[in-house]
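Below are my notes on the model, set out as numbered points. They begin with a single residue and then turn to the chain and its charged pairs.

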Amino acid sequence: MNGHAVADVAIAGGGIIGLSLGLELERRGLTVVVIDRQQAMSSASWAAGGMLAVHDPQNPAALMPLCVRSWELYPQYLKRVETLSGKKVPLRTRRAMQHVVTEHWAENGTRTGAGGLVTEAELAEFAPGLDASGHIFEWLDEGSLDPNDVREALPAAFKAAGGTLLEETEMLSVESVTGGVFVRTSRRHVSAHMFVNCCGAWAGETERGLGALPVVPVKGQMANLRCRPERLRCVVRAPGIYLVPRGDGRVTIGATIEHVGFDERVDEGSIRRMAEAAISLLPEAEAPPQMDMWAGLRPGTPDGLPILGAAGQEHCWHATGHYRDGILLAPVTAQVMAQAMLGEKPDVSLDAYASTRF
């Protein structure tokens, strides 16, 4: 046991949600300790596709206010991360092609955030390598980034802002005490005024003392194909597959949705089937014999919405359950949680995301 740390806020979970919240709280003058059981940004945050999918039709309607506000916050969020870390986190794409079902289009017309149907001329400009036969796509105003860029920059930004990061440190329990909390970990104890559960797929574990949360791990397997960079310059989402170009010849494809507990093993057969679906859309892409493959665990909830706000235990808060949208929702989660924790009115009401809804 290496000493005892004291801070205004202790955060369990060093993924993009925990570190972004820590960064925002440090900006507001609070001292923050972030505790992570592995290396920071080593689970879902690193394994993500990196789509800032504001207008993904699969998102629950109740998620839209958070999505829109987070997209508004993204430029200043990235600027702060880059300034503090000295590392660039560029948007790799700024548009997305979303497959649409023709009868739905006829019924509903252009949805919010959609920029009309993709024309043949636009296909030739943004995705000349794409085989769009049998598909109709619409434009969506949304970006993407490479989570590896965030992985390099965000922990460095948090530490540069004055935050303390305890990696390879298991959080054992949190106890409410007079005026704050006492957090036991495998390395050192932390006394703080407030505690936030940002444990992602592990947030539902009950032995830590915060009670049960219906957060479960949802495995996603992904891989990188190779293609000439100029042949795909936007995200493409089609039934069962998405393509995210990184601008350097890599095209990230994903992702499976598997309810298999905390199993993070990669199944090459599943990846190869996914690659076949991707290559049917982008025939020029190559799936090399030694393909980059990985898996991550998304934190899923029964209604697909995150859990944001006060926990049942005094001085404790939850910010977890972001499922497929942790990268997108990091800036707004940091903003609204910091506002709520400091007694301010959040930019987006947290009523729909309270843990008491379960």
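1. Thr-356 is exposed, its relative accessible area being 71%. The structure is a predicted model, and this value, like the others here, is computed from it. Thr-356 sits in the segment after α8 (326-341). Its C-alpha atom is 15 Å from that of Ala-203, although 153 residues separate Thr-356 and Ala-203 along the chain.

2. On overall dimensions, the radius of gyration of the protein chain is 21 Å, which agrees with the value near 21 Å for a compact globule of 358 residues. The C-alpha trace spans about 65 × 45 × 40 Å along its principal axes. The secondary structure of the protein chain consists of eight helices and 18 strands.

3. On packing, 56% of the 358 residues count as buried. Among contacts in the protein chain with a separation of 6 or more, 73% are between residues 24 or more positions apart. The exposed surface of the protein chain is about 14,700 Å², and carbon and sulfur atoms supply 50% of it.

4. Val-181 offers a local view of the interior. Val-181 belongs to strand β10 (residues 180-185). Its relative accessibility is 2%, so Val-181 counts as buried, the cut-off being under 20%. Beyond neighbours within four places in sequence, the contacts of Val-181 include Val-174, Glu-175 and Ser-176, then Val-190, Ser-191, Ala-192, His-193, Met-194 and Phe-195, and also Glu-314, His-315 and Cys-316. Asp-8, 173 residues away in sequence, has its C-alpha atom 9.9 Å from that of Val-181.

5. On charge, the protein chain carries 33 positive and 42 negative side chains. The centres of these two sets lie 4 Å apart. Side chains of opposite charge can pair when their charged atoms come close. A search of the whole structure finds 19 salt bridges, and three of these pairs are taken up below.

6. Glu-24 and Arg-27 form a salt bridge, with 2.7 Å between the closest N and O atoms. Both residues are in helix α1 (residues 16-27), three residues apart, which is about one turn of the helix. Glu-24 is buried, at a relative accessible area of 10%, whereas Arg-27 is partly exposed at 46%. The pair is part of a network of salt bridges that links Glu-24, Arg-27, Arg-28 and Glu-344.

7. A second helical pair is found in α7. Arg-272 and Glu-268 meet through their side chains in a salt bridge of 3.2 Å, N to O. The two residues are four apart in helix α7, so about one helical turn separates Arg-272 from Glu-268. Arg-272 is partly exposed at 23% relative accessibility, and Glu-268 is partly exposed with a relative accessible area of 41%.

8. Which parts of the chain does the salt bridge between Lys-219 and Asp-263 link? The closest N and O atoms of Lys-219 and Asp-263 are 3.9 Å apart. The pair links distant parts of the chain: Lys-219 is in strand β12 (residues 216-226), and Asp-263, 44 residues away, is in the loop between β15 (250-254) and α7 (268-281). Lys-219 counts as buried at 4% relative accessibility. Asp-263 counts as partly exposed because its relative accessibility is 21%, and under 20% would be buried.

How values were computed. Residues are numbered from 1 along each chain as its sequence is written. This is a predicted model: local features need pLDDT of at least 70, side-chain atom pairs count only at pLDDT 80 or more; totals for chains, interfaces and linings use all residues. Side-chain values use heavy atoms; hydrogens and water are left out. Buried means under 20% relative accessible area, exposed over 50%, partly exposed in between (1.4 Å probe, protein chains only). The radius of gyration is taken over C-alpha atoms; the globule rule is 2.2 Å times the number of residues to the power 0.38. Contact means heavy atoms within 4.5 Å. Accessible areas come from the Shrake-Rupley method with a 1.4 Å probe; for residues, only the protein chains shown count as cover. Lys and Arg count as positive and Asp and Glu as negative; His and the chain ends are not counted. The place of a charge is taken as NZ of Lys, CZ of Arg, CG of Asp or CD of Glu. A salt bridge is a side-chain nitrogen of Lys or Arg within 4 Å of a carboxyl oxygen of Asp or Glu.
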